[in-house]
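Please look over the model shown here. Notes on its helices and cysteines are set out after it.

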Amino acid sequence: MAPTEKKDDYLFIYVFVITLILILIHPTQTKEISSSRGWFTQPYVAPLFGLSILAFFSFIKSVIYLKSTRDFSDFSLDFLMTALSNYRVMLITSVLFYFYVSSISLIGFFFSTLIFVHLLLWLSRLLNPFWSLCTCLTVIGVVLIFRVGVNIWFPDVALYEAFFEGELLWFMNKYF
């Protein structure tokens, strides 16, 4: 495809630059925890790994595009907004994921995941009882795998602490 036919290839340049910025500021956004399980369990490892993969492939795509063209006349903020409009579902999903992660400490892993996946179903236009039931069963399965099988725990939920106490609070924090 000729470079003038697909102008949203510039988007990879923006992605590469933003990814590099995020990699550079990651030490200020994460902290180390003391763990005897190894360096790979540190909170910064997974985001840094994902950002590194994104930087690598966006760099390759940017170099390929820049090698094939020397025309930078469209390289502007207006172009970025036009290119991003082609990726609106991805951007909406990213914003929903941010709210999902932020809501875990407020309403709990179970309910946050259930709401998030139902919103993804809504975006996909899979609005029928079958997919909703599959979502509920999958979220229950994920909770059981994380909580019982792998023994991964999240901090106590603020909403549960406001409404429950004693054994019921322990149960809600453990499984919901």
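The report takes the helix pair, then the cysteines.

This is a predicted model, in which local features need pLDDT of at least 70, side-chain atom pairs count only at pLDDT 80 or more, and totals for chains, interfaces and linings use all residues. Residues are numbered from 1 along each chain as its sequence is written, and side-chain values use heavy atoms, without hydrogens and water.

Helix α1 covers residues 11-29. Helices are DSSP runs (H or I, at least four residues), numbered from the N terminus. The 19 residues of α1 should span 27 Å (1.5 Å times one less than the number of residues). The end C-alpha atoms of α1 are 25 Å apart, which agrees. A kink of about 30° lies at isoleucine 23, shortly before proline 27. The bend is the angle between axes fitted to the seven residues ending there and the seven starting there. Buried residues of α1 (under 20% relative accessible area, 1.4 Å probe, protein chains only) include Leu11, Phe16 and His26.

Helix α2 spans residues 45-68. The axes of α1 and α2, lines fitted to C-alpha atoms over the stretch in contact, come within 8 Å and cross at roughly 150°. The two helices are therefore roughly antiparallel (angles over 145 degrees).

The structure holds zero disulfides (pairs of cysteine sulfur atoms within 2.5 Å). Two cysteines are listed below, both partly exposed (from 20% to 50% relative accessible area).

| Cysteine | Nearest cysteine sulfur | Relative accessible area |
|---|---|---|
| Cysteine 134 | cysteine 136, 9.4 Å | 26% |
| Cysteine 136 | cysteine 134, 9.4 Å | 27% |

Technical notes
Axes are lines fitted to C-alpha atoms, for helices over the stretch in contact, and angles run from 0 to 180 degrees between N-to-C directions. Angles under 35 degrees count as roughly parallel, over 145 as roughly antiparallel, 65 to 115 as roughly perpendicular and the rest as oblique.
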